[in-house]
Amino acid sequence: MPRTTTVECPGCPPLRVLTFDTLGLIKVVEARDKQHGGVPKIVERWGEPDSSKSIMAVSMIDRKTQPLMAVARKNGQVEVMSPINGDLQAIISNANSTDLQSEENNVVGLHLFEKQDLEVASRSCTLLTCTSKGNASIRSIEFTDLSTESPCNDSSKSWNVCSGGNILCCKVDTSEKFALFGGKGVEVNIWDLDNCTKIWNAKSPPKNSLGIFTPTWFTSATFLSKDDHKKFVAGTNSHQVRLYDISAQRRPVLSFDFRETSIKALDADIDGYSVYIGNGSGDMASFDIRTGKLLGCFIGKCSGSIRSIVRHPELPVIASCGLDSYLRLWDTKTRQLLSSVFLKQPLMHACFDSNFIVEETPAGAVSLPNKEQTTNIISEELEASPLKRKKSSKNKENIDGGERKKKSKRSEEHKKSKGKDGGEKIVSKDKQSKSTSKKKNKGSKFAIPDEGL
């Protein structure tokens with residue numbers, strides 16, 4: 001028998017996560033308990049299941065006022081919606097430009113630009129899209145009636161990122177001035193978004209000691225620091241993690257292997273040097289990218305390929321999801337599994353809503369029970385009611401038995417009393433008969449001498 005270990009899930013702090021799956025559904029998962037470990041539950045589901053609307057890329061502007069979220073689908077549409085209630089703001093149907101119906105030219109890179117006035121943001125948004133064939137564009141979209149397609153301004157820019165190969169990863173830095181592209185047959189390169197020009201291109205590493213050259217195949221990438229766009233980490237299909245510094249050299253500064261399957265997801269910690277890595281076999285670990293040292297693996301085995309790893313901007317929590325249809329929440333310090341939610345469909349992406357706040361009921365106010373609480377109360381009452389009836393029936397039987405015993409005792413006493421009265425009557429009758437017989441005897445004595453006379 002194989003050895004198995006049970007992992008206890010202590011629960012997670014109050015948070016809100018949005019998940020995106022292969023059937024085009026968006027599910028909202030929330031954990032609300034503050035005092036004890038909260039159990040995340042599915043609160044809302046947006047959309048209808050459709051495999052042609054599978055979500056390929058996601059971008060979210062996480063802010064307190066007027067947050068926005070963009071979703072790129074498999075059929076070429078890009079939808080801009082509200083992450084609070086799922087209301088659509090704009091729809092773009094020709095996001096993959098020339099090849100509208102081509103499944104080989106899906107939108108794989110998506111970014112919503114955050115740095116703009118709130119007044120302008122309420123009416124429009126700026127969006128970067130990149131297809132798998134390398135067609136990149138920046139366009140400004142106005143929010144209009146959803147019955148018609150949202151128009152794009154004439155100030156849109158478009159260029160070609162690569163001449164051959166397929167783009168698989170796209171990332172924009174925090175300053176939103178530089179973008180990173182890489183993929184299968186495409187070396188990692190960085191572009192200046194203001195001028196749409198390439199400023200740096202990576203060089204493939206040399207052959208190994210056996211003279212074998214590893215082909216170029218980048219699967220994921222992320223910038224290491226928010227303030228610096230010159231350092232980034234990339235994962236390859238040959239289970240290798242590479243650190244690049246564009247100010248130092250074109251080849252990787254540091255590289256190391258992680259297990260035996262391809263790297264599928266990467267994300268950097270807010271400390272600027274820790275990196276979280278997930279591969280195609282469900283293994284997940286954290287590394288110190290300064291030295292390439294393994295800090296530790298996460299407790300609990302995932303049964304499917306990990307497709308997305310997201311670090312919470314404030315809480316020490318990271319979320320991972322993948323093809324096993326589970327959303328898992330982990331503690332960044334102990335690397336322990338806090339909680340997991342089964343979402344039925346294979347998941348492609350996840351993102352946090354850091355402005356989620358649990359509303360507290362004021363002191364002295366009586367909070368109304370939820371639907372679940374009311375159903376639990378009703379079920380408890382239904383379960384408890386037959387027990388009470390059984391007890392009451394037993395009590396009644398006991399009472400009836402006691403009354404019957406008392407009645408039987410009374411009847412016996414009554415019979416005894418009747419028997420005594422009957423005996424007394426018999427004795428009194430005997431006495432009366434004896435007295436009458438004596439009187440007769442006396443009379444007979446006196447009568448005999450009269451006859452002789």
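## Two sheets, a loop lysine and some cysteines

Let's start with one pair of residues: Ser274 has Asp288 as its bridge partner in strand 22. What you're looking at is a predicted model, where local features need pLDDT of at least 70 and side-chain atom pairs count only at pLDDT 80 or more, while totals for chains, interfaces and linings use all residues. Residues are numbered from 1 along each chain as its sequence is written, and side-chain values use heavy atoms, with hydrogens and water left out.

Strands here are DSSP runs of E, at least two residues long, numbered from the N terminus. Two of them pair if DSSP finds at least two bridges between them. In general, strands of a sheet pair through backbone hydrogen bonds, either parallel or antiparallel.

**The sheet around Ser274.** This one is an open sheet of 4 strands in the order 20-21-22-23, with antiparallel pairing. Strand 20 (263-268) and strand 23 (293-297) sit at the edges with a single partner strand each, so one side of each has no neighbour in the sheet. From one strand to the next, the twist averages 25°; for such angles, axes are lines fitted to C-alpha atoms, and the angles run from 0 to 180 degrees between N-to-C directions.

**Another open sheet.** Here 4 strands follow the order 8-9-10-11, again with antiparallel pairing. Its edges are strand 8 (107-112) and strand 11 (157-160); each has a single partner strand, so one side of each is left without a neighbour in the sheet. The twist averages 20° from one strand to the next. Ser124 has its bridge partner, Glu142, in strand 10.

Here is one strand pair from each sheet:

| Strand pair | Residues | Sense | Bridges |
|---|---|---|---|
| Strand 21 and strand 22 | 274-279 and 284-288 | antiparallel | 5 bridges |
| Strand 9 and strand 10 | 124-131 and 135-142 | antiparallel | 7 bridges |

**Cysteines.** How many disulfides does the structure hold? The count is 0, where a disulfide is a pair of cysteine sulfur atoms within 2.5 Å. For Cys162, the nearest cysteine sulfur is that of Cys130, 7.2 Å away. Cys162 counts as buried at 8% relative accessibility, and so does Cys125 at 0%. Buried means under 20% relative accessible area, exposed over 50%, and partly exposed in between (1.4 Å probe, protein chains only).

**Lys177.** This residue is in the loop between strand 12 (166-172) and strand 13 (178-184). With a relative accessible area of 44%, Lys177 is partly exposed. Leaving aside residues up to four places away in sequence, Lys177 touches Trp191, Asp192, Leu193 and Asp194; contact means heavy atoms within 4.5 Å. Lys177 and Phe113 are 64 residues apart in sequence and 9.9 Å apart in space, C-alpha to C-alpha.
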